[in-house]
Protein chains: 2
Amino acid sequence: MSGVVPGLSIGEVAERTGLSVHTLRFYEREGILANPVRRDPGGRRVYHEDDVDWLTVCVILRGSGMPLPAVRRYTELVRAGGGTEAERLALLQEHRGRVMDQMDQLQKCLDLINFKVGVYEDALDQLAVSSATGTDAGR
Amino acid sequence: MSGVVPGLSIGEVAERTGLSVHTLRFYEREGILANPVRRDPGGRRVYHEDDVDWLTVCVILRGSGMPLPAVRRYTELVRAGGGTEAERLALLQEHRGRVMDQMDQLQKCLDLINFKVGVYEDALDQLAVSSATGTDAGR
DNA sequence: CTAGGAGCTGGAGCCGACTCCAGGTCAACC
DNA sequence: GGTTGACCTGGAGTCGGCTCCAGCTCCTAG
């Protein structure tokens, strides 16, 4: 009594995870769901909070560039339960490496951009000044 | 006298930039070169140090997820020369936003991974300990 | 009872960014 | 002068990751 968990429609899950319904069905086909989706009597998917939680993790992993096959593999291991911790750990550590590489790359890019932004800002200031002093007045 | 700049083949440029020769030709078609590539009498591309420098910048921008059309636009502005600084600045600032968003995302992912790695390491330690004490001996 | 909206399926389509192919040219060395 | 090996071209193919389509079934509200 009162312990009846509601169950979520695909549309609600889409809204909560930020994925489209298309993508949710696609992920399901791809095996990116910790447990099989149940269906209501009409054949519609019924999701639960755990699914949303898991998908949220997947969104984060995908957002950091983990390829779908890796996400699938990780999902399989989680589904398989105990005894797979070592491989899960390895998978995550490998991805951590990729993430850190990306951060380095982004940092390098940020440095470049900041440098160039400085250059352009100076150039524009210069223009503003010279036109104000008449050095280059009216062109 | 000694000021004769050698000129680089597409293969050499590929090696220096880390791009493939395919990609170099592709980028050229896409208008991602600050100045038009010259050709030797045999019709082969002759690159110079500036080209390598520019391509290096492009590699960094692409590596941080700037879409090719944006790189092309930036290239066009550089080619057009003076008077385009404001737009170049805008382009770079927009991209800086994207880069910073990505870093946030990666950081979130890193936090998640670090948390989970911790969990799995503990789980594995636990296994090691219990098997050593015989709590779960032989399995 | 009917109109609308959300869901269902299998399969096709799309997009960005390469990547490769076939068939040919050219320069250099043996 | 023949054989490599790097280069050339236009166009086709690939890959990852969605995204959409057609044609159907439900459920609910009016």
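Okay, let's start at the DNA: H2(A) gives the most to the surface near DNA strand D, three residues. By "near" I mean a residue whose C-beta atom, placed from the backbone, lies within 6 Å of the molecule or strand. And the helices, such as H2, are DSSP runs of H or I with at least four residues (strands are E, at least two), numbered from the N terminus.

Quick housekeeping. This is a predicted model, where local features need pLDDT of at least 70, side-chain atom pairs count only at pLDDT 80 or more, and totals for chains, interfaces and linings use all residues. Residues are numbered from 1 along each chain as its sequence is written, while chains are lettered from A and ligands numbered from 1 in the order in which they are written.

Back to strand D. There are 17 residues around it, and the nearest are A:Gly42, A:Leu68, B:Ser9, B:Gly11 and B:Arg45. H2 of chain A, plus helix H1 (10-17) and H2 of chain B, are the elements that give two or more residues there. Sorted by class, this surface has six nonpolar, seven polar and four charged residues. For the classes, nonpolar is Ala, Val, Leu, Ile, Met, Phe, Trp, Tyr, Cys and Pro, charged is Asp, Glu, Lys and Arg, and polar is the others, Gly among them.

Now strand C. It is surrounded by 17 residues, with A:Ser9, A:Gly11, A:Arg45, B:Gly42 and B:Leu68 the closest. On this side H2(B) gives the most, three residues. The class split here reads six nonpolar, seven polar and four charged.

So how are the two protein chains related? Turn chain A by 180 degrees, shift it 0.0 Å along the axis, and it lies on chain B with an RMSD of 0.1 Å. That's a least-squares superposition on the C-alpha atoms of residues with pLDDT of at least 70 in both copies. The copies are thus related as by a two-fold rotation axis. Within chain A, A:Met103 has the C-alpha nearest that axis, at 3.2 Å.

Next, the protein-protein interface. Chain A puts 29 residues in contact with 29 of chain B, where contact means C-beta atoms, placed from the backbone, within 7 Å. H5(A) brings the largest share of chain A's side, 24 residues. That side of chain A comes out as 17 nonpolar, six polar and six charged residues. And 100% of chain A's interface residues are interface residues in chain B too, so the copies meet through the same surface.

Let me zoom in on H3(A). Its 15 residues reach 21 Å from first C-alpha to last, close to the 21 Å expected, the expected span being 1.5 Å times one less than the number of residues. Which residues of H3(A) are buried? They are A:Asp51, A:Leu55, A:Cys58 and A:Leu61. Looking down the helix axis, these buried residues fall within an arc of 115 degrees, so they line one face; the arc is taken over the directions from the axis to the C-beta atoms. Buried means 20 or more other C-beta atoms within 10 Å of the residue's own, exposed means 12 or fewer, and partly exposed is in between, with C-beta atoms placed from the backbone. The face turned away from the buried side carries the exposed A:Glu49 and A:Asp53. After H3(A) comes A:Gly65, with a positive phi near 90 degrees.

Last stop, B:Val129, which is in helix H5 (residues 85-133) of chain B. With 11 C-beta neighbours inside 10 Å, B:Val129 counts as exposed. Its C-alpha is separated by 71 Å from that of B:Gly42, 87 residues apart along the chain.

Definitions and conventions
Two residues are in contact if their C-beta atoms, placed from the backbone, lie within 7 Å.
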